[in-house]
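Ever wondered how people decide which label a residue or a pair of helices gets? Let's go through some of those labels together, one question at a time.

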Amino acid sequence: MKPYSRRQFLQTSSLLVAGAVVASSFELKKRKPLLSFSTLGCPDWSFNQIIDFAAQNGYDGIELRGIQREMDLTKVKELSTAANRQETLQKMKDKGLRFVDLGSSATMHFADPAERLKNLDDGRRFIDLAQQLDCPFIRVFPNSFPKDQDKAFVMDLMVKGMLELADHAAGTNVSVLVESHGDLVKISDLEAVMKAAKHPNTGMIWDVCNMWAITRESPTEAYKALRPYIRHTHIKDGKMTGDDIHYVLLGQGEVPIFEAIDALHNGGYKGYYSFEWEKLWHPEIGEPDIALADYTRVMKAHFM
C-alpha cells in the first residue's frame, strides 16, 4: 500500500472543508424562513398589486384577510368562481407565491344559537374555499369573553366550535387554527383550549404581540408550552402607552419579537412568519409599501 502523502492529505482536507461549507450553505437555504404578509396591511390594494409587491420584495406567501376592504373572501372577484380561482392560482404560481392562510371572521365563543350557527357556517365556507385554493389553514378566533358567562364555559364553546369545523375539514389538507387573540392570550388558557381541541385538523396561530401586550409572559415560555400546536404565526411589533399599543416597524418597539422568532427557528418551525401590519384597523400607522418592504429587509438581515 502506498504511503498517504502530505499533498494527498491536504487535498483531501480541502475537499472535506469545501464539502462542509456547501453542506452548511445547503442547510441554511433549507432553513431559510418563509415570509408572508397579511392583506390586512394593504386594505386598498388590488389583488394584482398585492402579488406584484410580494414577488418584488422577496415574499413566499400571502395571508388573505380581505381584499380592497371586502372581508368575506368568498365574495372577492378573484375567488368567487371556479374559473376565477384557477386564474388566480396560476397568477400566484407565476409569481412563486402560495396562499398560506385565509383569515375568516368566524368567532368561536358565541353561545346564542343563531349567532353561533352563522359563525360556524362562515368557517365551513372558508374551509371549502381554502381547499379549492390549496391553502393549508383558515383562521378563527375569540375576542373579548362575555362578562356574564363563566370563563370555562366560554372556552368550552371555543373547543366545541373548533372541533365541529375540524370535522368539516377532515379528509382535506385544511386545518382550523385559533389565533391567540382577545381574551385568549394567557399561556395556560391557550394550552387548555388546544389540548381539549386536539384533532388532526386543528392548531393555533401564535400572535406573539397579542399575547405579550396583555400578559407580559415570556415568548420562550409560551413557545415551550404551545410548540405542539403552533402551525402559523403573526409577527408584529409595537410600543406601549399604558394598556394601548401603537404598531411600529419590526424591531423598533418593545415586544420581544425576536425572542419568539429565534425560539421558533431554533425549535425547527417550518411554517410562515407572517407579518400582520394592521393598517385596516389602524389607519394612522405607516403606509403598506414602506412597512411591508421593511419587514423582509429586517427578517433577512436577522437570519443572515
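**What earns each label**

Q: Where is Ile 214 found?
A: Ile 214 is in helix H7, which covers residues 208–215. Keep in mind that this is a predicted model.

Q: What makes Ile 214 count as exposed?
A: Its relative accessibility is 55%, and the label "exposed" goes to values over 50%. So Ile 214 counts as exposed.

Q: Which residues is Ile 214 in contact with, leaving aside its neighbours within four places in sequence?
A: Gly 182 and Val 185. As for spacing, Ile 214 and Asp 243 are 29 residues apart in sequence, and their C-alpha atoms are 7.6 Å apart in space.

Q: Now Leu 184. Why does Leu 184 count as buried?
A: Buried means under 20% relative accessible area. Leu 184 comes in at 0% relative accessibility, so it counts as buried.

Q: Where does Leu 184 sit, and which residues is it in contact with?
A: Leu 184 lies in the loop between strand S5 (175–179) and H6. Skipping its neighbours within four places in sequence, Leu 184 is in contact with Pro 142, Phe 145, Met 158, Val 178, Glu 179, Asp 189, Leu 190 and Val 193. Its C-alpha atom is also 8.6 Å from that of Met 155, and those two residues are 29 residues apart along the chain.

Q: Why are H6 and H8 called roughly parallel?
A: Helix H6 (residues 187–196) and helix H8 (residues 219–226) pack at an angle of about 15°, with their axes 10 Å apart. Angles under 35 degrees count as roughly parallel, and therefore H6 and H8 get that label. The residues making the contact are Ile 187, Leu 190 and Glu 191 from H6, plus Glu 221, Ala 222, Ala 225 and Leu 226 from H8. Sorted by class, that gives 5 nonpolar, no polar and 2 charged residues.

Q: Then why are H5 and H6 called oblique?
A: The angle between H5 and H6 is about 40°, with their axes 9 Å apart. Roughly parallel needs an angle under 35 degrees, and roughly perpendicular runs from 65 to 115. An angle of about 40° fits neither, so H5 and H6 are oblique to each other.

Q: Which residues of H5 and H6 meet?
A: Lys 151, Met 155, Val 159, Met 162 and Leu 163 of H5 meet Asp 189, Ala 192, Val 193, Met 194 and Ala 196 of H6. By class, this contact has 8 nonpolar, no polar and 2 charged residues.

Q: What is the handedness of the crossings, left or right?
A: The crossing of H6 and H8 is right-handed. The crossing of H5 and H6 is right-handed too.

Q: What makes Gln 68 and Arg 69 partly exposed?
A: Partly exposed is the zone between under 20% and over 50%. Gln 68 has a relative accessible area of 47%, so it is partly exposed. Arg 69, at 48% relative accessibility, therefore counts as partly exposed as well. Gln 68 is in the loop between strand S2 (61–64) and helix H3 (82–94), and Arg 69 is in the loop between S2 and H3 too.

Q: What is there to notice about phi in Gln 68 and Arg 69?
A: Most residues other than glycine have a negative phi. Gln 68, however, has a positive phi near 50°, and Arg 69 has a positive phi near 70°. A glycine with a positive phi turns up as well: Gly 268, just after H9, at about 85°.

Q: Which residues of helix H9 are buried?
A: In H9 (residues 257–266), the buried ones are Ile 257, Ala 260, Ile 261, Ala 263, Leu 264 and His 265.

Q: How many residues are in the largest nonpolar core, and which touch the most other members?
A: The core has 84 residues, and Phe 37, Leu 102, Trp 206 and Tyr 273 touch the most other members. Helix H5 (residues 151–169) gives the most to this core, with 7 residues.

Q: And how much of the protein counts as buried?
A: Of its 304 residues, 51% count as buried. The secondary structure comes to 10 helices and 10 strands.

Definitions and conventions:
Residues numbered from 1 in each chain as written. Predicted model: local features only at pLDDT ≥ 70, side-chain atom pairs only at ≥ 80, totals over all residues. Heavy atoms only, no water. Core = buried A, V, L, I, M, F, W, Y, C linked by side-chain atoms within 4.5 Å. Buried < 20%, exposed > 50% of the residue type's maximum accessible area, 1.4 Å probe, protein only. Helix = DSSP H or I, 4+ residues; strand = E, 2+ residues; numbered from the N terminus. Axes fitted to C-alpha atoms, helices over the stretch in contact; angles between N-to-C directions. Parallel < 35°, antiparallel > 145°, perpendicular 65-115°, else oblique. Left-handed = near helix turned anticlockwise from the far one by under 90°. Contact = heavy atoms within 4.5 Å. Nonpolar A, V, L, I, M, F, W, Y, C, P; charged D, E, K, R; others polar.
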